[in-house]
Amino acid sequence: MNIFIDTNVYLKFFHYSNDELEELRKLIVLIEQGEINLIMPRQVYNEYVRNREVKIADALRTFKADKLNNAFPIFLKEYPEYAIMKKAIQEYQTSKKKILENILIEIENHSLKADEIINEIFEKSDFLAHNEELIARAKVRYDLGNPPGKGNSYGDALNWETLLTICPPEQDLTFISDDKDYFSEIDNSKFNKYLNREWRTTKNSEIVFYKSLSEFFKNKYPKIKLASDLQKDVYIERLENSGTFRNSRQNLYKLSLFEDFTSDQINRIFFQTFSNSQLYWISEDEDINQILYNLYDKYKDKLDESILMEFESKIKRIQETENEDEHPF
């Protein structure tokens, strides 16, 4: 899956946003597992570095200006809740002062948690440098009034021209941005009509548009809340699609290293033990048998009755026949 993530998506993590840092951790999992090809124009990185402090400064101004009302009508003082409210305000003010003192150091040292995670994403990315030809095309696009672009900046146009040049034809592009220059004028939840038409004509493929990382993950991985669960899901999906004994063994081994599978995940794993012949026929091998036995022993209470019965009637029979003395399964 080819993905482009606009600069404003990264910068949101230094401002007020509904997205959580866990969304970035999920993104790292997809990069590490080779599930996505994150397309990273150098312009995106430059914009991020240039605007990080701007976003942080604006967020801090809003946070500092946000004050709880410390004045109450006289008649409220007769109620027991008044003392509780006064104490809560004092605790809030004390905590606010302390967090501001600590956070300023981390901002200066680029050691905010958002810094650490986003820098890891950049480290795992191959930057696409722009050249004179791309810059010239971006300027022409902007001067002609063609989107994207605003103010006196060619940055968005440069990113778009880079994508048109670099992205392979006949492969869809997942495009994540909250920049209005990419929105449809009629429905801002949809991609710009002009750009969409240009992409289809040039690349013979589609733009799959999202306005945030959380929207992307909600659509593609609706049951996944944590990055660790996403990693498990990737291996489970590979197990489901495995067409060889070797791949089945590798993915099951990777899964055996995790803890705390959800009910859905463990049922998907055990369903493969009798639905996927590439796993079924190696279940009698000592290493696979041991993994399945351990999973069965730990998670059998989470298995759906139908899957449990199917597993026990097929896989268990093989294990008892081939390994009767080793496991009283």
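## Asn159 and its surroundings

Asn159 sits in helix H7 (helices here are DSSP runs of H or I with at least four residues, strands are E runs of at least two, both numbered from the N terminus). Leaving out residues up to four places away in sequence, Asn159 touches Phe4, Asp6, Pro41, Gln43, Val44, Glu47 and Tyr182, where contact means heavy atoms within 4.5 Å. Asn159 is buried, at a relative accessible area of 0% (buried is under 20%, exposed over 50%, partly exposed in between, with a 1.4 Å probe and protein chains only).

A word on the source: this is a predicted model, in which local features need pLDDT of at least 70 and side-chain atom pairs count only at pLDDT 80 or more, while totals for chains, interfaces and linings use all residues. Residues are numbered from 1 along each chain as its sequence is written, and side-chain values use heavy atoms, with hydrogens and water left out.

## Helix H3, bent at Asn51

Three of the Asn159 partners, Gln43, Val44 and Glu47, turn up again among the buried residues of H3, along with Tyr48, Arg52, Ile56, Ala59 and Leu60. What packs over them? The cover includes strand S1 (2-5), helix H1 (7-11), strand S2 (37-41), helix H4 (80-108), helix H5 (113-123) and helix H7 (155-166).

H3 runs over residues 42-65, and its end C-alpha atoms are 35 Å apart, in agreement with the 34 Å that 24 residues should span (the expected span is 1.5 Å times one less than the number of residues). Still, H3 bends by about 40° at Asn51, the bend being the angle between axes fitted to the seven residues ending there and the seven starting there.

## The cores

The largest nonpolar core has 53 residues, and Ile5, Tyr10, Trp160, Leu163, Leu173 and Phe175 touch the most other members. A core here is a set of buried Ala, Val, Leu, Ile, Met, Phe, Trp, Tyr and Cys residues joined through side-chain atoms within 4.5 Å. Helix H2 (residues 21-32) gives the largest share of this core, 6 residues. Apart from it lies another core of 23 residues, including Ile236, Leu239, Ile266 and Leu292.

Two of the well-connected members are worth a look. Beyond its neighbours within four places in sequence, Tyr10 contacts Ile5, Leu38, Met40, Val44, Tyr48, Ile118, Ile121 and Phe122. Leu173, in strand S4 (residues 173-176), is buried at 1% relative accessibility. Not counting residues up to four places away, Leu173 touches Asn2, Ile3, Phe4, Ile39, Leu163, Cys167, Trp199, Glu206, Ile207 and Val208.

## Helices H10 and H14

Leu292, from the 23-residue core, is buried in H14, as are Ile288, Asn289, Ile291, Leu295, Tyr296 and Tyr299. These buried residues fall within an arc of 165° seen down the axis, so they line one face of the helix (the arc is that of the directions from the helix axis to the C-beta atoms). H14 covers residues 286-299 and reaches 20 Å from first to last C-alpha, close to the 20 Å expected.

Over in helix H10 (residues 227-241), Asp233 is buried at a relative accessible area of 13%. Asp233 contacts Ile224, Gln265 and Arg268, leaving aside its neighbours within four places in sequence.

## The whole chain

The protein chain has 15 helices and 5 strands. Its radius of gyration is 27 Å, well over the 20 Å from the globule rule for 329 residues, so the chain is more spread out than a compact globule (the radius is taken over C-alpha atoms, and the rule is 2.2 Å times the number of residues to the power 0.38). Of the 329 residues, 43% count as buried.
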